[in-house]
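Reader: I am new to this structure and would like to understand the reasons behind the terms used for it. Could you show it to me and then take my questions in turn?

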Amino acid sequence: KAVVSTQSTGTEPVTWGVVLNGERTGTGFEGVPGGPDYRDRSALSYHLYCWGKPGDHDPLKPLQRLACEDLLARNVFQVAEKEARRTGGGRFLTEFGECDPDGRKNSSDTVMCETALNLADQHLASWTYWDSDFSTDPAASPQHESTGSDRLGNKWEGVRVFARCYPQFTAGTPTYLSWSVDSAAMVMEFKIDPSVTQPTVIVTPMLHYPDGFHVSVSGNLKYRIDRGEGVVKVNPKAGTKAGELGKVAIARIG
C-alpha cells in the first residue's frame, strides 16, 4: 500500500480458513492491508472445492450432495460473509470448480458449478473460475458429439452455465440477485442512488435469448436495450429518492 495505494488487494487464507468461523478458527485476519481506510480497496479471496466430490460427471450420491452442496458450499459462503463483515472489505471467490458442466442435472460437475454460482448470486459475491475447459480441439477429439461440443470444439453445455445474465454495474447498492440457467430468468433488486449519473448495466448473453427477452422494471425505473453492446441500461426516473428499492426482471421470449 505504501507503493500503490489505489489498487485493490486480495487477502487469501488457507483453503480451510473459510470452512469454520470462530475465535480459534477462520481466516486469522484481523483487518485489511493498510488498515480501515483501505476497506474499499480490499477483498477476502477464498476458494471452494468439495474434497468428497466423485470423478468427472459421476452422479452425486445423496450423502455426497448433502456434504458438498448443503453443508460445505453454503457454509463457505456464510463464513466468508461473516469474515468480511468483521474485517471490512469485499469478497471474491477466486477459485472453485474442478467441474465441467455437461448438461446433465445430476452429474457432479454440473451440480457443483451451478451450486457455487447460485450461492455467489445469493450472497452478492464476486467470482472467477479456475481450470476452465469450455472448448476442445476437434483435430484431437474428432468425435466432438460425444463430448457435447460443436464442430468448432465449443462445449456449449459448459458455456451456458457460466454465461449468466447479471448486473455489470449497479447505480446504487445491490440487495438481491437471482438467475436460473434453465429458464434464463434474472431478477435483481437494489437501493437506488440518484446521484450516480451512469446507468445500471445488465449483461444479457444472447446464448440464452435467441428469440429475445422481456424486461420489466419497478415504477421508479426506466430502461433501454442496447443490442450492440448486448446489455440493458437502467436509470431512475425523475424524482426518485436515494434509498428507494428498484427491481429489474428479465425473462426469455418463447
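Author: Let me begin with a definition, namely that two strands pair if DSSP finds at least two bridges between them. In this predicted model, an open sheet of four strands with antiparallel pairing has the order S6-S7-S12-S9.

Reader: How do you know that S9 and strand S12 are paired?

Author: Five bridges join S9 to strand S12, residues 245-252, and the two run antiparallel. Since a pair requires at least two bridges, the five bridges found here satisfy the definition, and S9 and S12 therefore count as paired. Among the residues concerned, His214 stands opposite Ala251 in S12, and Val217 has Val248 in S12 as its bridge partner.

Reader: What makes strand S7 and S12 a pair?

Author: Strand S7, residues 186-192, is joined to S12 in the antiparallel sense over six bridges, and because the requirement is at least two, S7 and S12 pair as well. Val187, for instance, stands opposite Ala249 in S12.

Reader: Why are strand S6 and strand S9 called edge strands?

Author: Strand S6 (172-179) and strand S9 (213-217) each pair on one side only, and they are the edge strands of that sheet.

Reader: What makes S3 and S4 partners in the other sheet, the one with the order S1-S2-S3-S4?

Author: That open sheet of four strands has parallel pairing, with strand S1 (9-11) and strand S4 (126-127) at its edges. Two bridges join strand S3, residues 90-96, to S4, and because at least two are needed, S3 and S4 meet the definition of a pair. Within S4, Ser126 is the bridge partner of Phe92. Helix H1 (residues 62-87) packs on this sheet, touching strand S2 (42-48) and S3, while helix H2 (residues 108-122) also packs on the sheet and touches S2, S3 and S4.

Reader: Why is Tyr46 called buried as a member of the largest nonpolar core?

Author: A nonpolar core takes in only buried residues, and buried means under 20% relative accessible area. Tyr46 is one of the 28 residues in the largest core, so Tyr46 must lie under that 20% limit. Tyr46, Leu48, Phe77, Phe96 and Phe162 touch the most other members, and the elements that give two or more residues to the core are S2, H1, S3, H2 and helix H3 (156-162).

Reader: What is the size of the second core, and which residues does it include?

Author: The second core is separate and has 18 residues, including Cys165, Tyr209, Phe213 and Ile250.

Notes. Residues numbered from 1 in each chain as written. Predicted model: local features only at pLDDT ≥ 70, side-chain atom pairs only at ≥ 80, totals over all residues. Heavy atoms only, no water. Contact = heavy atoms within 4.5 Å. Axes fitted to C-alpha atoms, helices over the stretch in contact; angles between N-to-C directions. Core = buried A, V, L, I, M, F, W, Y, C linked by side-chain atoms within 4.5 Å. Buried < 20%, exposed > 50% of the residue type's maximum accessible area, 1.4 Å probe, protein only.
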